[in-house]
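Visitor: I would like to go through this model and ask how each label was earned.
Guide: Then let us take the labels one by one.

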Amino acid sequence: SDVAKYCTALPTLILTRCTQLTDVSISDVAKYCTALTFLNLTDCDKLTDVSISDVAKYCTALTTLEMGNTAATFPGKNAFQADIPAFQRYYAQLRAASVTSTKLKLVVMGKGEAGKTSLVRRLKELESPGAAPAALPARADRTIGIEMTTLQSTFVVHDFGGQPEYYPWHKLFLTPGALYAVVVDLADGGASPAAREAALLEQLDILHASVPGAVVIVVGTKADLVVIVVGTKADLVVIVVGT
């Protein structure tokens with residue numbers, strides 16, 4: 001550690017077969033000796049990704065790196081000399097993947113004009129109790145592709161456009177760990193129950209193919225427009241509008 005702190009302009013460091021060398025020491029080397037162009041850590045078998053990631057992050061001047069027989073996970077570590085760009089990309093990706101997300105991902109999907117955007121807007125209104133309700137989207141305001149918003153500073157909402165031409169792009173945003181709300185239009189312009197069921201199953205099939213085992217909530221919308229036949233007599237049909 002003292003060498004690292006006081007020899008900050010060191011260009012070359014060879015530490016082969018230092019079997020007692022630990023991650024703490026190499027992390028210090030990486031952070032202080034940023035001018036290193038040649039580093040040999042061959043057979044330092046106690047070194048892990050903890051310190052090797054710091055080498056990738058801080059030693060940006062490296063042109064030669066040898067790290068065979070360490071405990072690092074870099075696939076090319078046992079090559080005579082590591083591929084430096086590949087080495088830096090690999091550990092940049094590991095660092096990004098290790099960042100703990102403070103947001104929850106909510107994906108709202110369903111057939112076109114099922115009420116997905118209206119649902120998101122109503123949920124958004126919960127952030128401002130007492131405020132006047134926002135206007136619901138007109139037909140011309142349909143979602144194109146994907147719209148994103150944040151709810152309660154916690155949920156990052158992906159509102160998917162429901163037209164079939166957008167479905168291939170949606171798959172890029174279907175990831176494990178998200179919560180999926182599949183929206184079903186209960187009125188659907190008079191479509192049959194079988195048609196509504198088919199629309200729901202289509203969305204569930206998409207999820208099953210891309211993120212099997214996903215957590216799904218099915219949300220029925222436009223219940224106030226549902227027409228239910230509750231009885232008939234002669235030429236009289238008794239119906240109930242809404243639920």
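Visitor: What makes Lys124 count as partly exposed?
Guide: This is a predicted model, so the value is computed from predicted coordinates. Lys124 has a relative accessibility of 34%. Partly exposed covers the range between under 20%, which is buried, and over 50%, which is exposed, so Lys124 at 34% is partly exposed.

Visitor: Why is the contact between Lys124 and Glu127 called a salt bridge?
Guide: The distance from N to O between the two side chains is 3.2 Å. The cut-off is within 4 Å, so the pair qualifies. Glu127, at 31% relative accessibility, is partly exposed.

Visitor: How many salt bridges does the structure hold?
Guide: The structure holds four salt bridges. One of them joins Arg122 and Glu125, with the closest N and O atoms 2.5 Å apart. That value is within 4 Å, so this pair counts as a salt bridge.

Visitor: Where do Arg122 and Glu125 lie?
Guide: Both lie in helix H5, residues 116–125. They are three residues apart, about one turn of the helix. Arg122 has a relative accessible area of 32% and is partly exposed. Glu125 is partly exposed at 23%.

Visitor: How do you know that Asp43 and Arg17 form a salt bridge?
Guide: Their side chains meet at 3.7 Å, N to O. The limit is within 4 Å, so the pair is a salt bridge. Asp43 lies in the loop between strand E2 (38–40) and helix H3 (49–58), and Arg17 in the loop between strand E1 (12–14) and helix H2 (23–32), so the salt bridge ties together parts 26 residues apart in sequence.

Visitor: Why is Arg17 called exposed, and what is Asp43 called?
Guide: Arg17 has a relative accessible area of 66%. Exposed means over 50%, so Arg17 is exposed. Asp43 has 24% relative accessibility, which puts it in the partly exposed class.

Visitor: How many disulfides are there by this rule?
Guide: The count comes to zero disulfides. For Cys7, the nearest cysteine sulfur is that of Cys33, 6.8 Å away. A disulfide needs the sulfur atoms within 2.5 Å, so Cys7 is in no disulfide. For Cys18, the nearest cysteine sulfur is that of Cys44, 5.0 Å away. That value also fails the 2.5 Å limit, so Cys18 is in no disulfide.

Visitor: Are these two cysteines buried or exposed, or what class do they fall in?
Guide: Cys7 is partly exposed, with a relative accessible area of 33%. Cys18 is partly exposed as well, at 30%.

Visitor: What makes H3 mostly covered?
Guide: Seven of the ten residues of H3 are buried. The buried residues are Asp49, Ser51, Ile52, Ser53, Asp54, Val55 and Ala56. Buried means under 20% relative accessible area.

Visitor: What is the order of the strands in the open sheet?
Guide: The open sheet has three strands in the order E1-E2-E3, with parallel pairing. E1 and strand E3 (64–66) stand at the edges, each with a single partner strand, so one side of each has no neighbour in the sheet. The twist averages 5 degrees from one strand to the next.

Visitor: How do you know that E2 and E3 pair?
Guide: E2 and E3 are joined over three bridges in the parallel sense. Pairing requires at least two bridges, so E2 and E3 pair. Leu39 has Leu65, in E3, as its bridge partner.

Conventions. Residues numbered from 1 in each chain as written. Predicted model: local features only at pLDDT ≥ 70, side-chain atom pairs only at ≥ 80, totals over all residues. Heavy atoms only, no water. Helix = DSSP H or I, 4+ residues; strand = E, 2+ residues; numbered from the N terminus. Buried < 20%, exposed > 50% of the residue type's maximum accessible area, 1.4 Å probe, protein only. Axes fitted to C-alpha atoms, helices over the stretch in contact; angles between N-to-C directions.
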